[in-house]
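Student: I have a structure open in front of me, and I would like to learn how its parts get their labels. Could you take me through the reasoning step by step?

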Amino acid sequence: MATVSLDRERLAAALPDVTTDLRLAGLDGSVRVFRDRYGIPHVRAQSAHDAFFGQGFVTAQDRLWHMEYDRLRAYGRWAEMAGPPALDQDKMMRRFQIGTSVKGDYDAVNAETRQMLDAYAGGVSAFIDTSRSLPIEYDLLGCRPERWEPWDCLAVFKMRHIMMGVFEGKLWRARLANALGAKKAAELIRGYQPGHLMIVPPGIDYRGAALDGLAELEAGLESIAWLRDDPEAGSNSWVLAGSRTASGKPLLAGDPHRGLDTPNVYYQNHIECPEFDVIGLSFPGCPGFPHFGHNADVAWCVTHAGADYQDLFLERFRVDGEVRYEFRGDWLPAEVRREIIEVRGADAVEMDVPVTRHGPVVAGDPAKGNAISFRYTATAEPNLGFESLTQMMKATSADELDESMRTWVDPCNNLLFADIDGNIGYLNRGQVPIRTMANAWLPVPGWTGEHEWQGSIPFEELTRARNPDTGYIVTANNRIVGDDYPYYIALDFAPEYRARRIKERLEALGAANVEDMRSVHAERVSIPARVYVELLKDVETADDVTARARRELAAWDGSMERDSVAPTIYSAFRAKLHAAILGHHLGPLADEASRATGRGAPSYLRQLASLLVTMAGRDDASLLPPGAGWGSTVARALMEGVSDLRARLGDDVDAWQWGKVHYTRPRHTLSASFPELASLLDPPSVPMGGDGDTPQAGSYSPADPFVMTGMSVARYVFDTADWDNSAWISPLGASGHPGSPHYSDQTAIWAEVDLVPMLYGWDRIDSEAETRQTLRPS
């Protein structure tokens, strides 16, 4: 794109007016907006309609460009702004057919949900129609926002979650099976480790067997053979019962883990009306508080469950004037949808998306006879999930909160909740299809009819826990339940490490309070590090620097502190260890696996890394190269890791602090398009402790060690004894405007793993308000 000039004066001119009283079409009564010292809006309305209208209006004030960016990506229109580099992304999103699905969803939901969506969209559009300034991004791109439609709310929510499913893992397993053979692939895919912690029952270890997918992989090899050419191809939460707290009432805490978007994926806000009074984190562009929040009676939060609700079907096509696909011996006509993608600075691109009974074709070429269709609970049929939002906001007890999730579809979450009467609970919410186990492992033949969905796990039979004797429930993307559960949920879960450390911390507490919960957020001890350090203590070293590095590890307690050098040495060692073992087993796929993004190869690498920790602890060398033992393997990995650090950081070991290489790197959505403006658009980077195995999350890609790619994108503690004692934090700020004082004013506090008050009582909100604004009907 052409070079443009930008200064802080222009950034300031793009800020919204948050103090002038306004008259707006679409309101039924007056709405008052108070913003606290962090710019977080608190909205008071006289009806539910006006509360959601107000939520849409203030979100647009702070995050309109964020919403626009998500909407354009959801509909496969980002190339209209970003040009040819965005074309491949747009093509993939067009294949997912989100635009078609959300209009059907809007028509299908009940009247109350449509009214919520209409009111929120009306608030967004009211801001667009009346604001004298728009976010600076529109100025940079020379465009204006379109009207916000009610179904746009559904689209941005789906866009945020479609890639959190497991379909990429099935494609990766297909590649492994094709490249290595079924037997070898099965040896490397062992799943959740026996002895690791489960969610339900709380505090109990998994005692089932490791995965054995040989039969499924062998059976599927013939049908996936054509994929060999392949041309197209985290979070924590915990709740403590009153028996474990100083107040005698529950505490609910946690932190979602994602990449650090700029602005942040979540938006802190508060809306009140006679029907509800809810504060929490919402998705800009979406009404309500689907993941994190509390009202006057109940608090709720989620972690990703990792459930399997996306399938890939191998389709046989015949194209002869009409596109047809085989199903149970018949050749059925496919619906073909024509898509036209406008591209900034280039010609428009046309593409056809065939749709079978299983879903849209997302890979392959029907003209060549084979392709893959995509079936996903959120798009396979009208999605009624948003009907849950108003019900959860009005829930008055743990029981009502649970029941409010009856229509929830996607994503599947570990939902924790607590009420003011002292009840705590867990629900694995969302729809998980019932189908053959072959669907779990690989893309399955769509032409046989043997792999069709047979409904979903009944709501009454979803995994639950209520007021357990342990006095706590912990979720950290770990295995949900044991083998005695009658339904399949998923093959792959996160290792127990974060959950185990949280459990140990909670069990050591006496009369816990909010500060204790904050300290659990800051837990940085790595269980895998402690396993490997035991192996490294006595290895032979060939030079003084490596010997010094070994001594640092030998004296280390495994805590990934940002000012310590041991975490850096350990991480460099482990990178070399994984590279050696990965290269031995995967051969030509090893480099691709280490550089991959998404939830295919990275999920497999996480699973393999967990397996290696277990085997190292047992001195099981069966996955090491022939003739190698753990002693010689870790010694070599340490030597190579130290060599890398010397080349990168110099020979002074004292200068190898973890925070120097392990830090955030937030990037504005337009920094790549306008690199000369990055210093004005990008929030500051901060050094951090932790890694992907610690409750204080700080994961990174092997392709770019050790820059953080996954982290806490919010932290919160809900105190059911006194809502005004609750606290939270965002890694950036409430505003999405680079010129706002609230663009990244929470960053320094977040980096110290501290929290700010979550104001709930209206007297305090009024007395401490930084700005006030009244919205009146025109």
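Tutor: Happily! Let us begin with a pair of helices: V545, T546, A549, R550 and L553 in α19 meet L638, M639, V642 and R646 in α23. Keep in mind that this is a predicted model.

Student: What makes the residues of the contact of α19 with α23 nonpolar, polar or charged by class?

Tutor: Each residue is sorted by its type. Arg counts as charged, so R550 of α19 and R646 of α23 belong in that class. Thr is not on the nonpolar or the charged list, so T546 is polar. The result is six nonpolar, one polar and two charged residues.

Student: Why are α19 and α23 called roughly perpendicular to each other?

Tutor: Start with the general idea: two packed helices are described by the angle between their axes and the distance between the axes. Here α19 (residues 544-554) and α23 (residues 630-649) pack at an angle of about 110 degrees, and their axes are 10 Å apart. Angles of 65 to 115 degrees count as roughly perpendicular, and α19 and α23 are therefore described that way.

Student: What is the angle between α6 and α13, and why are they called roughly perpendicular?

Tutor: The axes of α6 (residues 111-130) and α13 (residues 387-394) cross at roughly 90 degrees and come within 8 Å. That angle falls in the range of 65 to 115 degrees, so α6 and α13 are roughly perpendicular as well. On the α6 side the contact is made by E112, T113 and M116, and on the α13 side by E387, L389, T390, Q391 and K394. By class, these residues divide into two nonpolar, three polar and three charged.

Student: How do you know whether D205 is buried or exposed?

Tutor: Compare its value with the cut-off. Buried means under 20% relative accessible area, and D205 has 19%, so D205 counts as buried. You will find D205 in the loop between α10 (182-188) and α11 (214-220).

Student: Which residues is D205 in contact with, and what makes one of these a polar contact?

Tutor: Leaving aside neighbours within four places in sequence, D205 is in contact with G195, H196, L197, M198 and R500. The side chains of D205 and R500 are joined at 2.8 Å. A polar contact needs a pair of N or O atoms within 3.5 Å, and the pair between D205 and R500 is a polar contact.

Student: Why is D21 called partly exposed?

Tutor: Partly exposed lies between the 20% limit for buried and the 50% limit for exposed. D21 has a relative accessible area of 42%, so D21 is partly exposed. This residue sits in the loop between α1 (8-13) and β1 (22-24). Beyond four places in sequence, D21 touches Q773, T774 and R776, and its side chain reaches the backbone nitrogen of T774 at 3.0 Å.

Student: What makes helix α8 mostly covered?

Tutor: Count the buried residues: in α8 (residues 150-161), 11 of its 12 residues are buried. Among them are P150, C153, F157 and H161.

Student: How many residues does the largest nonpolar core have?

Tutor: It has 173 residues, and those with the most contacts inside it are W78, F276, L506 and M517. Helix α2 (residues 48-74) gives the largest share of this core, 13 residues. There is also a second, separate core of 58 residues, which includes I189, A593, V634 and V653. In general, nonpolar side chains tend to be buried together in soluble globular proteins.

Student: What is notable about phi of Q97?

Tutor: Most residues other than glycine have a negative phi. Phi of Q97 is near 60 degrees, a positive value in a residue other than glycine. Q97 is in the loop between α4 (87-96) and α5 (98-108), and its relative accessible area of 7% is under the 20% cut-off, so Q97 is buried.

Student: Where is the cis peptide bond that involves P263?

Tutor: The bond runs from T262 to P263, and omega near 0 degrees goes with the label cis. P263 is in the loop between β5 (251-258) and β6 (267-273). The peptide bond from P705 to F706 is also cis, with omega near 0 degrees.

Terms used:
Residues are numbered from 1 along each chain as its sequence is written. This is a predicted model: local features need pLDDT of at least 70, side-chain atom pairs count only at pLDDT 80 or more; totals for chains, interfaces and linings use all residues. Side-chain values use heavy atoms; hydrogens and water are left out. A nonpolar core is a set of buried Ala, Val, Leu, Ile, Met, Phe, Trp, Tyr and Cys residues joined through side-chain atoms within 4.5 Å. Buried means under 20% relative accessible area, exposed over 50%, partly exposed in between (1.4 Å probe, protein chains only). Helices (H or I, at least four residues) and strands (E, at least two) are DSSP runs, numbered from the N terminus. A polar contact is a pair of N or O atoms within 3.5 Å; within protein, one must be able to donate a hydrogen and the other to accept it, and residues adjacent in sequence count only if both atoms are side-chain atoms. Contact means heavy atoms within 4.5 Å. Axes are lines fitted to C-alpha atoms, for helices over the stretch in contact, and angles run from 0 to 180 degrees between N-to-C directions. Angles under 35 degrees count as roughly parallel, over 145 as roughly antiparallel, 65 to 115 as roughly perpendicular and the rest as oblique.
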